[in-house]
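Below are some notes for a colleague who is opening this entry without having seen it before. They go from the chain as a whole to two local features.

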Amino acid sequence: MDLFEQISADIKAAMLARDKVRLEALRGVKKEFLEAKTAKGADGQLSDEQACKIMTKMVKQRVETAEIYTSQNRPELAENELAEAAVIKAYLPEQLTPEQLDATLREIIAEVGATSAREMGKVMGVATKRLAGRADGKLISARVKELLS
């Protein structure tokens with residue numbers, strides 16, 4: 001069962017359980033999936049890799065929105081955003097620990113043969129593909145820059 005089918009099945013389960021937060025989060029995910037499937041130039045298919053990218057983006061949006069709500073002294077709205085982010089995050093692959101990330105990045109740097117910060121682009125190209133959905137792009141970039149300098 002791919003992610004799209006899993007989300008659809010879980011929407012039904014959330015309806016039966018009357019779990020509002022889960023239902024809203026999953027409906028939002030399904031909406032984004034359908035938009036990606038029917039976007040101009042799309043072939044009507046949605047790979048799990050594309051789905052993970054969409055969900056990662058959605059989690060990031062919700063966390064940023066929660067931060068804004070918190071800064072505006074609206075904790076009840078921030079709480080809801082964070083709850084939805086947690087629901088979506090459950091469908092994503094497990095995030096790498098800093099140690100695992102560093103080890104993987106060192107392997108990639110050795111593969112590519114990069115020796116200076118000038119070759120960061122080569123490393124980032126391979127790293128972003130290999131670590132998609134398992135580590136944040138900004139974090140990868142910061143660690144690569146640190147390892148190469």
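1. Contacts along the chain. The model is a predicted one. Taking contacts in the protein chain between residues at least 6 apart in sequence, 58% of them join residues at least 24 apart.

2. Secondary structure. The protein chain holds 7 helices and 0 strands. In sequence order the pattern reads α-α-α-α-α-α-α.

3. Extent and surface. Along its principal axes, the C-alpha trace of the protein chain spans about 55 × 45 × 30 Å. The chain has 149 residues, and 34% of them count as buried. Its accessible surface comes to about 9600 Å², with 52% belonging to carbon and sulfur atoms.

4. The aromatic pair. How many aromatic pairs does a search of the whole structure find? The search returns 1. The partners are Phe4 and Phe33, with 6.3 Å from centre to centre and 35 degrees between the planes, and the pair is classed as tilted. An angle under 30 degrees would have counted as stacked and one over 60 as edge-to-face, so the rest, tilted, is the class that applies.

5. Where the pair sits. Phe4 belongs to helix H1 (residues 3-17) and Phe33 to helix H2 (residues 20-37). The two are 29 residues apart, and the pair links distant parts of the chain. Are these two residues, Phe4 and Phe33, buried or exposed? Both are buried.

6. A lysine over the ring. Phe4 has a further neighbour to note: Lys37 lies over the face of its ring, at 3.8 Å from the ring centre.

7. Length of helix H7. Helix H7 covers residues 137-148, which is 12 residues. At 1.5 Å a residue it should span 16 Å, and its end C-alpha atoms are 16 Å apart, so the expected and modelled values agree.

8. The two sides of H7. Which residues of H7 are buried? They are Ile140, Arg143, Val144 and Leu148. Because these residues cover an arc of only 125 degrees around the axis, they lie on the same side of H7. The face turned away from that buried side carries the exposed residues Lys138 and Glu146.

9. What H7 packs against. The buried residues of H7 pack against two helices, H5 (98-112) and H6 (120-130). When viewing the model, a reader can start from Ile140, Arg143, Val144 and Leu148, the buried residues of H7, and then look for H5 and H6, against which they pack.

Notes:
Residues numbered from 1 in each chain as written. Predicted model: local features only at pLDDT ≥ 70, side-chain atom pairs only at ≥ 80, totals over all residues. Heavy atoms only, no water. Phe/Tyr/Trp six-rings, centres within 6.5 Å; stacked < 30°, edge-to-face > 60°. Helix = DSSP H or I, 4+ residues; strand = E, 2+ residues; numbered from the N terminus. Buried < 20%, exposed > 50% of the residue type's maximum accessible area, 1.4 Å probe, protein only. Lys NZ or Arg CZ within 6 Å of the ring centre and 35° of its normal. Expected span 1.5 Å × (residues − 1). Arc of directions from axis to C-beta. Contact = heavy atoms within 4.5 Å. Areas by Shrake-Rupley, 256 points an atom, 1.4 Å probe, with all protein chains shown as cover.
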